[in-house]
Amino acid sequence: MRAISRLLPLAMMSFTLNAQSTVLTFDGFSDNEIVPQSYGDRVIDFGTSYGSGGGMTPNIEVDYIPVSNSIPFTNWVSDYATLTNALSSIEFDTQGYIQLTPDAGFDVVLNSFQVAAWLDESFPDSRIFVADTAGATLFDTGTFTALPGVVQIYPTGPLRSSTGLRINIHDFGDLGVDSIAFSQVPTIPEPQIHALWIAGLALVGTIAWKSRRTRRQPV
């Protein structure tokens, strides 16, 4: 059984091979500079503009969409706890989202992002949720109080979609967002997923059968 437990992860490696990732650090922008819609699109060179999470994401586009007004999101060098170069707004209570859209044949995986409140204020009606572009909510903080000086990391685990993901912030300005880490992985069509499961189970069964035969052979 020990050998089988070691081989189970190997049987599932096909789901995570070729993972590539980018971290949006918002470095390189001056204080209160508008973050362009092109920032984070199809990253093939990290340079000083992005953080590396193990690879590049040439098949992911990023968009920054204000909902409650038309004011673009801006970079804030400081003022959000220990975050440096955080994405936010010049107005409080600005609703909006950051959208990560993969090309056909790829899935986007949201690994994590950081959030902090403005200066020394508390914001009791904060809410953050992540949904796919079909409208299904995959993660939701519910209403919470964002406390001063505290950096929160969300979500609680990686979120994956073949259509796209939206990081919804109910209150940009009140909150700043930084270090958005996302990956791209090849989409596995459903028949191939089933085939991988069957192949993995067959491999485990074969190993278990051989292990039993070996133990039963006389010395």
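**Aromatic pairs.** I began with the ring contacts and found that the structure, which is a predicted model, holds 12 aromatic pairs. I took Phe-92 and Trp-118 as one of these: the two rings are edge-to-face, at 6.2 Å centre to centre and with 65° between the planes. I then looked up where the two partners lie, and noted Phe-92 in the loop between β5 (86-88) and β6 (94-102) and Trp-118 in the loop between β7 (106-117) and β8 (123-126), so the pair ties together parts that are 26 residues apart in sequence.

**Accessibility of the two rings.** Is each partner buried or exposed, or does it fall in between? I read a relative accessible area of 40% for Phe-92, which is partly exposed, whereas Trp-118, at 15% relative accessibility, counts as buried. The cut-off matters for this reading, because buried means under 20% relative accessible area.

**A further partner of Phe-92.** I next noted that Phe-92 also forms an aromatic pair with Phe-123, again edge-to-face, at 5.8 Å centre to centre and 65° between the planes. This pair links distant parts of the chain, since Phe-92 sits in the loop between β5 and β6 while Phe-123 belongs to strand β8, 31 residues apart. I checked the accessibility of Phe-123 as well and found the residue buried, with a relative accessible area of 8%.

**Contacts of Thr-145.** I came back to Phe-123 from another side, through Thr-145 in strand β11 (residues 144-146). Leaving aside residues up to four places away in sequence, I found that Thr-145 touches Ser-122, Phe-123 and Pro-124. Thr-145 itself counts as partly exposed, at 41% relative accessibility. I also looked up the separation of Thr-145 from Ala-117, and recorded 9.4 Å from C-alpha to C-alpha for two residues that are 28 apart in sequence.

**An aromatic cluster.** Which residues form one aromatic cluster? I listed Phe-26, Phe-29, Tyr-39, Tyr-50 and Tyr-64 as its members.

**Strand β15.** I turned last to the strand made of residues 175-186, where 10 of the 12 residues are buried, so β15 is largely enclosed by the rest of the structure. I looked up its pairing with β7 and found that the two strands run in the antiparallel sense over 10 bridges. Within this part I noted that Ser-112 stands opposite Ala-181 in β15. As a background note for reading such strands, I wrote down that in a regular strand the side chains alternate between the two faces of the sheet.

Terms used. Residues numbered from 1 in each chain as written. Predicted model: local features only at pLDDT ≥ 70, side-chain atom pairs only at ≥ 80, totals over all residues. Heavy atoms only, no water. Phe/Tyr/Trp six-rings, centres within 6.5 Å; stacked < 30°, edge-to-face > 60°. Helix = DSSP H or I, 4+ residues; strand = E, 2+ residues; numbered from the N terminus. Buried < 20%, exposed > 50% of the residue type's maximum accessible area, 1.4 Å probe, protein only. Pairing = 2+ DSSP bridges. Contact = heavy atoms within 4.5 Å.
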